[in-house]
Structures are given as structure tokens and as C-alpha cells.
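User: Could you take a close look at one part of this model with me? I would like a connected walk through the backbone there, and then a little of what lies elsewhere.

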Amino acid sequence: MAKISKRAGLGILFPDRIAGANPAYRTHKTSSSVLYLAVRSKYFLLQITFYLTQLALCSIIVCMRKRPDLHNLSKSELIAEIPLACSDETAAVEFFEFQRWGNTPCCVKCGSVDVYQMKDAKTGQRNKRFLWRCKDCREQFTVRINTVYEESRLPLRHWAYAFWRAATSKKGVSALEIKRHCQISYKSALFLMNRIRFAMAPDLPTAPPLIGIVECDETFVGGKPRYRGHKQGWSRANKTAVFAAVERGGQIRRQVIADVTGKTLKAAIRQVVDPRATIMTDEHTGYKGIGKEFTGGHETVVHSRREYCRGEATTNTVESSFALIKRGIIGTYHNVSREYLHRYLWQFDFVWNGRKLNDGERTVAAIQAAEGKRLMYKSAVAPHA
Ligand SMILES: [Zn+2]
């Protein structure tokens, strides 16, 4: 075997030196040259082995890099722009303007594209208030008009930061954190976050109903922690009931509900689920009979019998979604009152529903959702608003 390899190696390196190939060489063959050739051919084989190993390693690395991107970590140019928009006011204004109008800014009053930026007479730079003027209706406007930040005096760079954090934190971001990072008052930070949550609220009348396999479940959020060892069990009196319906592989709709009776739960399902869907729930008695109203029927898993999955029937997705809310409330918000919980649910739903977008795209989606919505201070601080 070694002999064959040696011959092959010699053939490639020195084709004319193989015994028999060149009669002239045969006459000069000495013992030292044979030894030299043997050493060279050994190195040659080692080199081949080395290169083959390198090739194998490179192909493994390439294969690993080409794996499907399950968590959508695709590079986003926006991710490089957002930190700049969070630190410089002009960059922030231009960022918001581009996300709203793209390359064709238009008048927010009449829709004309014949508009121009107003300049400061002394410096020639953009107007301090970043005003635009429409040549058709002669009205002045800014990018803030007709959005949730219209009446706000806070610089847009703080808004950019808050939008970024709210849209990219899976378990939410607290107003106290925004207060510290932006160096603004807690009141301003709380108001800012409430407006952002309002921007993230689903437009339920126009939102498509859930279809296919829809998992429904209810849970209790907030209040005092559950003491598992306590004989009396835990009280639901200080907790808030939340209902969730998740289309498998699709969107989620969560809402605060008054109680967990059959009437309330069934009404919540009818509100968000298409009549052709298949409903999956646990064995809660409130869901009994709901299958008659949906052509896909109703399947249950009986948790009390330790049954969590039976073929297609499972409620694991909706239960995972509750786990995220609970981690967010325990770890980030610490305490959310019943009156304001629905706003936090809007934010959690927005992040869940945009989970297939990357962080930059989700931030822009939140900013664009803020257009056409306004939340006045009184309604922002009022519960149930
Ligand atoms: Zn106009």
C-alpha cells in the first residue's frame, strides 16, 4: 500500500524520475537520491492529508452557516441607524420622517408632495422645530402631526429609544428604566410608554379573525404569589383573569376578562375566532359545548390526568404565551394594576405577532402603527382607556 502511494506521489512531483520513465535518470540513480525522494513523497502525502482535512473543516463551517435562520437574526440596516436616532435629535427627526414618508414627504393636511423644509435664516440649517411647509395649502407641519407623539414636548430621540426598547424586549421594558436611560421624569416616561402601548394596540374591528387550529386558555395574572405548600390554596381575589387565543403558527389575541365563567369565555372566543376554526382547550368546564359553534370542532386535553398533548390536541403554545406575560410582570413591571393590564397585553401581543420580523423591522412597525392615532393626556392616564 505504501509502495503504491509512494509511486503515485513521485509520479505527480517528478514524472520523469519514476523508474523506467526516464532511462537517463536510471543511470544516475544513487542510494541518497532514493532516500531524498522517499522523504519528499512522505511530506507530499502529509500535505495532501492536511489539505483534505482543511477542506472538510471548511465545508462543515459553511454548512453550519447555511442553517435556516430560525430566530430571524438576519442583519438589518435599521439596527445601525436606531442607536444614532436615539442620541441625536436631527437624526431622530430624519429617521421618523423617513419611516413615515420614505423619500417623498407629503403634506399631512392636504396630501400634496409639493413641500419644503423650513430653514433657519441665520444658520441655514433646519428650523429648530423641524417644520415643513406645504406650497399648496401654505400650512406648516412636522412629522409629529397626527401621531401618538403629536402633543408631546419630549425630544424625538427619546421616543426613538422608547419605541426601540418596547418593540424589541420580549418581556417588556419598564417606565423606570426609560426614565433612567433618557434622563426624563418618571411621569414623562410612564406617559411615553402608555402612548407607545396605545400605538401597538390591535385594530380589532379590522384585524382578521383567527383561523385553523386555535388554542384558547385563561390564566390569572398579578396579585400575591402562589404558595404551593399552603393548605388553603391561593386566592384569585387579587388576581386578574386574562384570556388568550392563539392561531397555531399565527397571531395571538389576549384580553382582560371579568371572570372565567362559560359565558365570558365563549363570548371572548366568538369575538376573535373564525367560525371555521378548530378550538383546542384544556378541560375547563367553561369551554364545554363551544365545539358546536365551530365547524372544525373542539378538542380538549385533560391536564388533571397529566395529559398535555394528544396528537394535534394541545394547549402548549397558549400556555407558553402566558409564561412570557408572567415573566414580564414579575421580572420587569413587578406590579400592574387591573385597570392598566390591557395596555401591557397590547405590547406583549405586538411583540408576539411580530416575532418573525427582525428587531429593526418590528421597531419600524411600531413607529408606523403610531400614525393616525392620538392619545390625549387625560385618556392616557385614565384606566380602561
Ligand atoms: Zn398641504
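User: In which loop does Arg 138 lie?

Analyst: Happy to take you through it; bear in mind that this is a predicted model. Arg 138 sits in the loop that links β2 (132–134) with β3 (140–141). What makes this residue worth a look is its backbone: phi is positive, about 65°, even though Arg 138 is not a glycine. For context, most residues other than glycine have a negative phi. As for its surroundings, Arg 138 has 10 other C-beta atoms within 10 Å, and because a residue with 12 or fewer counts as exposed, Arg 138 is exposed.

There is another arginine to set beside it. Arg 306 has a positive phi of about 60° and is not a glycine either. Its place is the loop between β8 (298–301) and β9 (309–310). With 7 other C-beta atoms within 10 Å, Arg 306 is exposed.

For the helices, turn to α6 (residues 156–168) and α8 (residues 186–200), whose axes come within 10 Å and cross at roughly 55°. That angle falls outside the parallel, antiparallel and perpendicular ranges, so α6 and α8 are oblique to each other. Their crossing is right-handed. On the α6 side, the residues that meet α8 are His 158, Trp 159, Ala 162, Phe 163 and Ala 166, and their partners in α8 are Leu 192, Met 193 and Ile 196. Sorted by class, this contact has seven nonpolar residues, one polar and no charged ones.

Notes. Residues are numbered from 1 along each chain as its sequence is written. This is a predicted model: local features need pLDDT of at least 70, side-chain atom pairs count only at pLDDT 80 or more; totals for chains, interfaces and linings use all residues. Axes are lines fitted to C-alpha atoms, for helices over the stretch in contact, and angles run from 0 to 180 degrees between N-to-C directions. Helices (H or I, at least four residues) and strands (E, at least two) are DSSP runs, numbered from the N terminus. Angles under 35 degrees count as roughly parallel, over 145 as roughly antiparallel, 65 to 115 as roughly perpendicular and the rest as oblique. A crossing is left-handed if the near helix is turned anticlockwise from the far one by less than a right angle, and right-handed if clockwise. Two residues are in contact if their C-beta atoms, placed from the backbone, lie within 7 Å. Ala, Val, Leu, Ile, Met, Phe, Trp, Tyr, Cys and Pro count as nonpolar, Asp, Glu, Lys and Arg as charged, and the others, Gly among them, as polar. A residue is buried if 20 or more other C-beta atoms lie within 10 Å of its own, exposed if 12 or fewer, and partly exposed in between; C-beta atoms are placed from the backbone.
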